Amino acid sequence: MRFRTAQRKKMVAIAAALVACMMMAGCGASANTVDISSMEFNPQGKTIKQIAAALESGETTSRQLVSYYLDRINKYDDNGPEINAITQINPHVMRQAYLSDRGRKDHAQHSIFYGIPFVVKENIDVEGMNTTAGSKVLETNKARSNATVVQKLIDQGAIVLAKTNMSELAASYGWLGYSSYGGQTKNPYNLKRDPSGSSSGTAAAVAAGFAPFGLGSDTSGSVRGPASVTGTVGMRVTYGQTSRSGVIPLSDSFDVTGAITNTVEDQALVLDAIVGPDEGDVATLQATQDTQYEKSLAQASLKGARLGIVNVFNGGNSEVDETFKAAQNELKKAG
C-alpha cells in the first residue's frame, strides 16, 4: 500500500505542476496540456546536443519536453512495467519550463542545457524537495537550497524534473536498488533484475527515457555499476573534481558526484558543467581543476593503450560471454 501511496504522491505533484503553470499570466490550460502525440520532435534516444538544437529551432519546447517525460513516467514508472525509478516530481517543473520557453524568445545566447530537464538522485539536495537518501526516516527532510552540482546545471538553464530512487543510504546490504522510501527499482532491460546501485533510479530513469540525463554519486561503483547494467554511460571522476556540498554521503573520503547519460559525449558535456572548485567542499579546493572533458574527446584514442582483460567471470551466461568477446574485438580494432 505504501508504494501505491508513493505513486499517488507523484501524480499529485504532476497535477500541481500543471496547475501552478496554468495560474501564471499567459500560461493557460491549452498551453500546458500538451498533445505530445502530435509532437514533431521525438526526444527518445536523442543526445543533449540534438535536444538543444530542437529547442533552439523551435521544433519543440521545454513544456513539450517536460510533458513528454511526465507522460513516460506515468506510463512506465507508475504503470505498465512499474520500473519505479522516480520518487518525487518537481512540483514547479511546468512553471520552470514555461519560464524557460518565455526566456528563449529574448534571442540571447543560451547554454546547451537551457530548457532541458534532468533527474537527481535522492541523496542530492534540490531546493524545496525532500532529500531522503532512500530512507523513510528522512522523508520530511526538505532541502533549503540546491546542491552545488544541481545549482551549476540550473545556472545554465537546465530544469530539475524529478528525484530518483537509490539503494538506501547508498548501502542497502546487497539489496541493490531498494529503499524503504521508494521501494525496489527494476532494470528497464530485464524487469526481473535490479539496476545495481546505489544510483539505481538515475540509471533506470535515463535508460527508460524518463530524462536525457541525471545526477548520481559514486563511492565504490555507485555510478559505474548502474550504468554498466542499464546500457548507459557513467564515469567516476577523480576525487575532488566535483562538489559534494548538499549531498548525503556514504564515505566523505571516497564519494564523488557524477552523471549518468546515454552517450559518452553527453557524459563529457554534463561533467564539464558540474566540475570545479566549491568553497563548501574542501576536496575540490585541493584537486586539479583544469579538466575539459568534451574538448578532450577530439584527441581521445585507444591506439597504443594497454588494457587488462578479466576472464574469471566467464561461463555464467553464453550471451554475456559473446558480448564480452565482441567488445574485446572492438577494442582491438580501435588500437
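Student: Which residues touch the most other members of the largest nonpolar core?

Tutor: Good place to start! This is a predicted model, and its largest nonpolar core has 56 residues. Nonpolar side chains tend to be buried together in soluble globular proteins. Within this core, the residues that touch the most other members are Phe113, Phe118, Val150, Leu153, Leu161 and Leu215.

Student: Let's take one of those. Which residues does leucine 161 touch, leaving out those up to four places away in sequence?

Tutor: Leucine 161 falls within strand E3, which covers residues 159-164. Once residues up to four places away in sequence are set aside, leucine 161 touches Val66, Tyr69, Leu70, Ile73, Ile89, Asn90, Val93, Pro117, Phe118, Val119, Phe210 and Ala211.

Student: What is the order of the strands in the open sheet?

Tutor: The sheet is open and has six strands with mixed pairing. Its edge strands are E1 (86-89) and E7, each of which pairs on one side only. Reading across, the order is E1-E3-E2-E6-E8-E7.

Student: In which sense do E1 and E3 pair, and which residue in E3 is the bridge partner of isoleucine 86?

Tutor: E1 and E3 are joined over three bridges, and their sense is antiparallel. For isoleucine 86, the bridge partner in E3 is threonine 164.

Student: Which strands does helix H6 touch, and what angle does its direction make with that of E6?

Tutor: Helix H6 (residues 148-155) packs on the sheet, where it touches E2, E3, E6 and E8. The direction of H6 and that of E6 make an angle of about 160 degrees.

Student: Now for charges. Is arginine 104, which meets glutamate 56 in a salt bridge, buried or exposed?

Tutor: Side chains of opposite charge can pair when their charged atoms come close. Here the glutamate 56 and arginine 104 side chains meet at 2.7 Å, N to O, linking helix H3 (residues 48-57) with helix H5 (residues 93-104) across 48 residues. Glutamate 56 is exposed at 51% relative accessible area. Arginine 104 has a value of 13%, and because buried means under 20%, arginine 104 counts as buried.

Student: Why does the salt bridge between arginine 236 and aspartate 218 tie together separate parts of the chain?

Tutor: The two side chains meet at 3.1 Å, N to O. Arginine 236 sits in the loop between strand E7 (233-234) and strand E8 (256-261), while aspartate 218 belongs to strand E6 (residues 213-218), so the pair joins parts separated in sequence by 18 residues.

Student: And how many salt bridges does the structure hold?

Tutor: Another one joins arginine 224 and aspartate 218, at 3.0 Å, N to O. There is also a network of salt bridges linking Lys49, Glu265 and Glu294. For the whole structure, the number of salt bridges is eleven.

Note on methods
Residues are numbered from 1 along each chain as its sequence is written. This is a predicted model: local features need pLDDT of at least 70, side-chain atom pairs count only at pLDDT 80 or more; totals for chains, interfaces and linings use all residues. Side-chain values use heavy atoms; hydrogens and water are left out. A nonpolar core is a set of buried Ala, Val, Leu, Ile, Met, Phe, Trp, Tyr and Cys residues joined through side-chain atoms within 4.5 Å. Buried means under 20% relative accessible area, exposed over 50%, partly exposed in between (1.4 Å probe, protein chains only). Contact means heavy atoms within 4.5 Å. A salt bridge is a side-chain nitrogen of Lys or Arg within 4 Å of a carboxyl oxygen of Asp or Glu. Helices (H or I, at least four residues) and strands (E, at least two) are DSSP runs, numbered from the N terminus. Two strands pair if DSSP finds at least two bridges between them. Axes are lines fitted to C-alpha atoms, for helices over the stretch in contact, and angles run from 0 to 180 degrees between N-to-C directions.
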